[in-house]
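Reader: I am new to this structure and would like a close look at a single part of it, with the surroundings brought in afterwards. Could you take me through one of the helices, slowly and with care?

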Amino acid sequence: MSIEVRGVSKRFGDFVALDDVNVSLPTGQLTALLGPSGGGKSTLLRIIAGLDSADSGTVTIEGTDATHLPPQRRNVGFVFQHYAVFKHMTVAKNVAFGLEIRKRPKAEIKKRVDELLDLVHLGQFAHRLPSQLSGGQRQRMALARALAVEPSVLLLDEPFGALDAKVRKELREWLRRLHDEVPVTTVFVTHDQEEALEVADEIVVVNQGRIEQVGTPDQLYDEPANDFVMGFLGETTTLEGRMVRPHEIELSPVRTAHELDGVVVRLLRVGFEVRLTVLVDRTGEEVQVVTTRAHARALGLDVGDVVHLSPASVLV
């Protein structure tokens, strides 16, 4: 394992940020720390980076006990949400900064900077100032700067949180491709479930200072450890007191013995989806159901219609 966190706890006054956290983060993988705001994920990342210290516990990076090492001796690259760039330096000088303070030869620095700017598709902007770049370009520059010193671990704290939805989606696709090309062990913090499911090899769900579950995106979505994980990784609804996914409730025009009757009380079309609220006769529950437009058209669905429901799969 690239990073081993054992028994780590952290308090800020009366607030428990991390409570006896134990987690192993695999070498060479892209791992997401996913959870709600205030859940402890950024605190855990900062403790791994050495930017905060734990009250108790240990952090091991690539087999070295890093618990008491300063950040500059941990060989980690860190990328913040708001870039933290040097505004008076060009793009190339920003990327070169870490190499220059390590007193690398000038020819080596130039070669490394040119390679990285090409890698992040910023070669033509080498002599521009950060203020002349878009938000997405500045974040790619920050990633190149973090990679310049060849860290053993790359840590990203909500790297795309300050960007608009379209740019954020483009950048997370780019990050996945970049990691496939440069497979440095990478850990990124996010509260965006879709981002974690789309980008990560492994997801660590953090809530109220504790680890709820660790696994691949498929494992967490298909086999959630508890109601919190299920609810945080996708939409849920309640059918006969059990949590199910709205898209896993089947609608049929003909009733069978195992189905429930209900009345459509709300119908909303969103792109290719149709989202229904169905009032179930027997229980009085309002159940959320998601289906495709094609299926809704085939059933001729509208508000006031009687429908028959059955859960295709009950996960929890």
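**A helix and its surroundings**

Author: In helix H2, the residues Val 91, Ala 92, Asn 94, Val 95, Ala 96, Gly 98 and Leu 99 are buried, and this is read from a predicted model. In an α-helix there are 3.6 residues to a turn, so residues three or four places apart point the same way. The buried residues of H2 pack against two other helices, namely H3, which covers 106-119, and H4, which covers 135-148. Just after H2 comes Lys 103, whose phi is positive, at about 55 degrees.

On the other side of H2 in the sequence, the loop between strand E6 and H2, the helix of residues 91-101, holds Lys 87. This lysine counts as exposed, because its relative accessibility is 69% and the cut-off for exposed is over 50%. Leaving aside residues up to four places away in sequence, Lys 87 touches Leu 129 and Pro 130.

From H2 the path leads on to H4, one of the helices against which its buried residues pack. The axis of H4 comes within 10 Å of the axis of helix H5, residues 165-181, and the two cross at roughly 25 degrees. Because that angle is under 35 degrees, H4 counts as roughly parallel to H5. The crossing of these two helices is right-handed. Where they meet, H4 contributes Gly 136, Gln 139, Arg 140, Leu 143 and Leu 147, while H5 contributes Val 167, Leu 171, Trp 174 and Leu 178.

Strand E6, at the far end of the loop that holds Lys 87, belongs to an open sheet of six strands, whose order is E6-E7-E8-E3-E9-E10 and whose pairing is mixed. Strand E6, residues 76-79, and strand E10, residues 210-215, stand at the edges with a single partner strand each, so one side of each is left without a neighbour in the sheet. From one strand to the next, the twist averages 15 degrees. Within the sheet, strand E7 (residues 153-157) pairs with strand E8 (residues 185-190) in the parallel sense, over five bridges, and Leu 155 has Val 187 in E8 as its bridge partner. Helix H1, residues 41-49, packs on this sheet and touches E3, E6, E7, E8 and E9, with a direction that makes about 145 degrees with that of E7.

To set H2 and its loop in a wider frame, consider another part of the chain. Lys 87 and Glu 285 are 198 residues apart in sequence, and their C-alpha atoms are 56 Å apart in space. Strand E15, residues 273-280, holds Thr 277, which counts as buried because its relative accessibility is 7% and the cut-off for buried is under 20%. The side chain of Thr 277 is joined to that of Gln 288 by a polar contact of 3.0 Å. Not counting residues up to four places away in sequence, Thr 277 touches Val 263, Val 264, Val 265, Arg 266, Glu 286, Val 287 and Gln 288.

There are further pairings among the strands. Strand E17, residues 306-311, pairs with strand E13, residues 249-252, in the antiparallel sense over four bridges, and there Leu 251 stands opposite Leu 309. Strand E14, residues 260-270, also pairs with E17 in the antiparallel sense over four bridges, with Val 307 in E17 as the bridge partner of Gly 262.

Note on methods:
Residues are numbered from 1 along each chain as its sequence is written. This is a predicted model: local features need pLDDT of at least 70, side-chain atom pairs count only at pLDDT 80 or more; totals for chains, interfaces and linings use all residues. Side-chain values use heavy atoms; hydrogens and water are left out. Two strands pair if DSSP finds at least two bridges between them. Axes are lines fitted to C-alpha atoms, for helices over the stretch in contact, and angles run from 0 to 180 degrees between N-to-C directions. Contact means heavy atoms within 4.5 Å. Buried means under 20% relative accessible area, exposed over 50%, partly exposed in between (1.4 Å probe, protein chains only). A polar contact is a pair of N or O atoms within 3.5 Å; within protein, one must be able to donate a hydrogen and the other to accept it, and residues adjacent in sequence count only if both atoms are side-chain atoms. Angles under 35 degrees count as roughly parallel, over 145 as roughly antiparallel, 65 to 115 as roughly perpendicular and the rest as oblique. A crossing is left-handed if the near helix is turned anticlockwise from the far one by less than a right angle, and right-handed if clockwise.
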